[in-house]
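Got the model open in your viewer? Keep the selection box handy, and we'll go from stop to stop.

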Amino acid sequence: MTAARTHVGYRPPVTPTMWERLRRVNPLVWDSLLAAACLVPTVIAGFVAPAEATAVPAQLAFVVAAYASLAFRRRAPLVVLGIAALSTVGYAAVGEGPATQLALAIAVYTVAAHLPKRVVAMWAVPIAVTASVVEQLDQDLHKNWVELLIGVTFSVFLPILLGRIAFNRRARLVRDHERAAADAVMQERARIARELHDVVAHAIGVMVVQAGAARTIVDRDPTAAKAAIEQVERAGRDGLVEMRRLIGVLTSDGAGDRAPQPGLGALDELVATMRSTGLAVEVVRAGEERPLAAGPDLTAYRVIQEALTNVLKHAGPAHARVTLGYEEARLVIEVEDDGVGPSANDDPGHGLVGMRERIGLYGGVLETGVRRGGGFAVHAEIPLVQNGSS
């Protein structure tokens with residue numbers, strides 16, 4: 001098997017920006033920094049206090065436990081809340097002042113922002129309210145029940161309110177993304193159905209033309225008539241395969257464009273278009289290139305087109321590499337870039353949904369994700385149906 005490689009407009013990889021690197025930092029790191037930012041000033045304040053009020057080891061132990069546990073607040077919200085509540089009660093018994101109230105408030109907010117309402121009502125509210133009331137009663141921070149209620153409101157109920165606002169906003173975004181993805185599936189299936197109609201209509205048109213030609217020349221040129229009939233058979237097999245793919249695909253009533261659809265033969269033109277926008281693209285072809293059936297050919301082209309379009313939209317200054325691997329029974333496509341990739345606020349992924357729908361029609365697989373070292377990668381495998389195969 002021979003191999004051919006073509007390099008177009010190569011440019012060295014672009015180093016990810018500082019903001020992109022920060023955006024990819026593990027949340028555990030940020031929570032650890034938050035815990036340290038709260039713990040260090042509190043401990044320092046205990047040591048610089050007047051001599052008669054200098055922090056004792058027991059007080060420091062409760063303070064350290066309360067704030068250090070915040071490093072795991074998003075991994076185990078209820079556990080962290082329990083530790084913060086026990087530390088608050090323990091500190092109130094051996095020390096003076098609201099040294100652990102901030103830890104309790106952050107833990108309550110985290111539970112409300114990440115766990116269901118039922119869990120918050122059954123566990124977070126009783127634990128947090130009990131700890132806050134015990135602390136205020138033990139340290140005599142209130143003068144009447146109104147001040148006690150105000151203290152509990154600011155240390156418990158206000159963080160819960162802010163946390164539920166964050167929780168509901170996140171849930172609303174998830175619902176919107178799911179709804180948009182479902183709409184994208186319907187729209188993409190309708191578009192796929194129209195394009196498959198084009199492929200089948202093209203095959204039937206070839207059959208009609210070749211059959212008519214064979215009928216007119218069968219008496220005077222049997223060899224040419226035989227060749228025409230072979231074309232009819234080949235086109236019929238291709239059309240039958242595509243018609244089977246079409247079953248189950250939802251169609252729309254729109255007229256749509258019935259023009260012939262592009263394939264990998266138009267890849268160079270697509271790459272030239274992308275380069276004209278400023279995107280450096282490298283194309284690598286491996287394996288023995290050969291003509292593909294119309295459906296897989298169109299699918300391969302659309303996958304590459306969508307992947308490069310996403311690089312333009314989301315990657316920023318970047319270099320993209322398209323790899324086409326022609327294997328015996330499948331076509332392997334990889335599109336990688338070294339840009340910043342899509343952010344959490346970007347569109348939920350209509351293009352990725354479309355790629356998956358297209359490839360799924362042929363029993364292929366699609367994998368997408370962030371590349372190690374930065375950038376985004378699309379890996380697709382499309383089973384190949386040879387022309388003339390049954």
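Helices here are DSSP runs of H or I with at least four residues, strands are runs of E with at least two, and both are numbered from the N terminus. This is a predicted model, so to speak of its ground rules: local features need pLDDT of at least 70, side-chain atom pairs count only at pLDDT 80 or more, and totals for chains, interfaces and linings use all residues. Residues are numbered from 1 along each chain as its sequence is written, and side-chain values use heavy atoms, with hydrogens and water left out.

**Stop 1: a pair within helix 7**

Select D176 and R179. Both belong to helix 7, three residues apart, which is about one turn of the helix. Their side chains form a salt bridge, with the closest N and O atoms 3.0 Å apart. The term means a side-chain nitrogen of Lys or Arg within 4 Å of a carboxyl oxygen of Asp or Glu. Side chains of opposite charge can pair when their charged atoms come close.

Buried or exposed? For that we use relative accessible area: under 20% is buried, over 50% is exposed, and partly exposed is in between (1.4 Å probe, protein chains only). D176 has 35% relative accessibility, so it counts as partly exposed. R179 is also partly exposed, at 48%.

**Stop 2: D31 and its arginines**

Which residues does the D31 network join by salt bridges that share partners? The members are D31, R73 and R74, so put those three on screen.

Start with D31 and R73, whose side chains meet in a salt bridge at 3.1 Å, N to O. D31 sits in helix 2 (residues 27-47) and R73 in the loop between helix 3 (57-68) and helix 4 (77-94), so this pair ties together parts that are 42 residues apart in sequence. Both D31 and R73 are buried.

Now switch to D31 and R74, another salt bridge, at 2.9 Å, N to O. R74 lies in the loop between helix 3 and helix 4 while D31 is in helix 2, so the contact links parts 43 residues apart in sequence. D31 has a relative accessible area of 3%, whereas R74 is partly exposed at 36%. Across the structure, the salt bridge count comes to nine.

**Stop 3: back to helix 7**

Select Y109, W145, V146, L149, I150, F154, L158, L161, L162 and I165: they make a nonpolar surface patch of about 1000 Å². Patch residues have over 30% relative accessible area and no salt bridge; like charges are joined within 9 Å, and nonpolar side chains (Val, Leu, Ile, Met, Phe, Trp, Tyr) within 5 Å. The areas come from the Shrake-Rupley method with a 1.4 Å probe, and for residues only the protein chains shown count as cover. Helix 7 (residues 145-217) gives the largest share of the patch, nine residues. I150, found in helix 7, is partly exposed at 42% relative accessibility.

Next, pick R164 and F167. The charged end of R164 sits over the F167 ring, 4.1 Å from its centre. The rule asks for NZ of Lys or CZ of Arg within 6 Å of the ring centre and within 35 degrees of the ring normal.

**Stop 4: the strands**

Show strand 2 (residues 319-326) and strand 3 (residues 330-337), which run antiparallel and are joined by seven bridges. Strands pair if DSSP finds at least two bridges between them. A hairpin of three residues connects strand 2 to strand 3, and G325 has V332 as its bridge partner in strand 3.

Finally, add strand 5 (residues 376-383), antiparallel to strand 3 and joined to it by seven bridges. Zoom in on E334 to find its bridge partner in strand 5, H379.
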